[in-house]
Amino acid sequence: MPTNCAAAGCATTYNKHINISFHRFPLDPKRRKEWVRLVRRKNFVPGKHTFLCSKHFEASCFDLTGQTRRLKMDAVPTIFDFCTHIKSMKLKSRNLLKKNNICTSTGPPNLKSNISSQQVLLEHSYAFRNPMEAKKRIIKLEKEIASLRRKMKTCLQKERRATQRWIKATCLVKNLEANNLLPKGTLEHILPTALSSLPLEDFKILEQNQQDKTLPVL
């Protein structure tokens, strides 16, 4: 005598006053395997006392010619409410997780600290897992910073030398123009208008400032 339905999430039980029939899993290996696949229960192996209720079969699956309702030879179960079963499993998992969290919160402080550290490492994948790894990374970054400082210092020195040469050339052209050794307006073709109109004394001051200027210590 069947007691309950083997389908996941189905709470139907045998009751002679309710017009619901129960049907064994077929003995034919091929059909039996198909029924198990459609039931979709993990690691499910039906026995000789395993049944499915008539709720999981379409009306066309039944042979109603006799006094009892029988399944046709090619009938397969196709009606399942898997959503209800999944929700039930999720609710059970959520309740189990809450229970575990309560046990964890009342556990030893060291255990809670270790769990917190593991959670941080999982949530922040960029975090270092040990001090040696962090130290190596710091040393590498310090070397990169030192290299960039050297490059910046070289660039500033090149800029300073180029500025000095530019000021000296400008002073030379202005001197040659003042002594009528070069035609007037020669400097206008070399410098922008705003700079070519500056007096010679201003360029000499710029040259002196460049000579007195020292690079900042990096």
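Me: What lies over the face of F62?
Reply: R69 does, sitting at 5.1 Å from the ring centre of F62, where a charge counts as over a ring if NZ of Lys or CZ of Arg is within 6 Å of the ring centre and within 35 degrees of the ring normal.

Me: What kind of model is this, and how are residues numbered?
Reply: This is a predicted model, in which local features need pLDDT of at least 70 and side-chain atom pairs count only at pLDDT 80 or more, while totals for chains, interfaces and linings use all residues. Residues are numbered from 1 along each chain as its sequence is written, and side-chain values use heavy atoms, with hydrogens and water left out.

Me: Back to F62, then: which residues form one aromatic cluster with it?
Reply: The cluster is made up of F25, W35, F44, F57 and F62.

Me: And how many aromatic pairs does the count come to?
Reply: It comes to five aromatic pairs, taking rings of Phe, Tyr and Trp (its six-membered ring) as paired if their centres lie within 6.5 Å, with planes under 30 degrees apart called stacked, over 60 edge-to-face and the rest tilted. One of these pairs joins Y14 and F22 in an edge-to-face arrangement, with 6.3 Å from centre to centre and 65° between the planes.

Me: Y14 first: how exposed is it, and what about F22?
Reply: Y14 is partly exposed at a relative accessible area of 37%, whereas F22 is buried at 13%; the cut-offs are under 20% relative accessible area for buried, over 50% for exposed and in between for partly exposed, with a 1.4 Å probe and protein chains only.

Me: Switching to charges, how many salt bridges does a search of the whole structure find?
Reply: The search finds two, a salt bridge being a side-chain nitrogen of Lys or Arg within 4 Å of a carboxyl oxygen of Asp or Glu. In one of them R37 is bridged to E34, with the closest N and O atoms 2.7 Å apart, and D63 and R70 form another, where the corresponding separation is 3.5 Å.

Me: Where do R37 and E34 lie?
Reply: Both belong to helix α1, residues 29-39, and they are three residues apart, about one turn of the helix; helices (H or I, at least four residues) and strands (E, at least two) are DSSP runs numbered from the N terminus.

Me: Are those charged residues buried or exposed?
Reply: R37 counts as exposed because its relative accessibility is 52%, and E34 is partly exposed at 28%. In the other bridge, D63 is partly exposed at 23%, as is R70 at 40%.

Me: New topic, cysteines: how many disulfides does the structure hold?
Reply: It holds zero, where a disulfide would be a pair of cysteine sulfur atoms within 2.5 Å. C5 is in no disulfide, and the nearest cysteine sulfur, that of C53, is 3.8 Å away.

Me: How accessible is C5, and how about C61?
Reply: C5 counts as buried at 4% relative accessibility, and C61 also counts as buried, at 11%.

Me: Which residues touch the most other members in the largest nonpolar core?
Reply: Of its 18 residues, those are C5, A7, F25, V39, L52 and F57, given that a nonpolar core is a set of buried Ala, Val, Leu, Ile, Met, Phe, Trp, Tyr and Cys residues joined through side-chain atoms within 4.5 Å. Helix α1 and strand β2, residues 51-53, each supply at least two residues of this core.

Me: What is L52 in contact with?
Reply: Leaving aside neighbours within four places in sequence, its contacts (heavy atoms within 4.5 Å) include C5, A7, F25, W35, V39, F57 and P77.

Me: And H56, where is it placed and what does it touch?
Reply: H56 is in the loop between β2 and β3, the latter being residues 62-63, and it is buried, with a relative accessible area of 7%. Again without neighbours within four places in sequence, H56 has contacts with C5, A7, C10, P77, T78, I79 and F80.

Me: Last one, backbone: what is phi of R40 and of N43?
Reply: Phi of R40 is near 60°, a positive value in a residue other than glycine, and that of N43 is near 55°, again positive in a non-glycine residue. R40 is located in the loop between α1 and β2, as is N43; R40 is exposed at 57% relative accessibility, and N43 is exposed at 72%.
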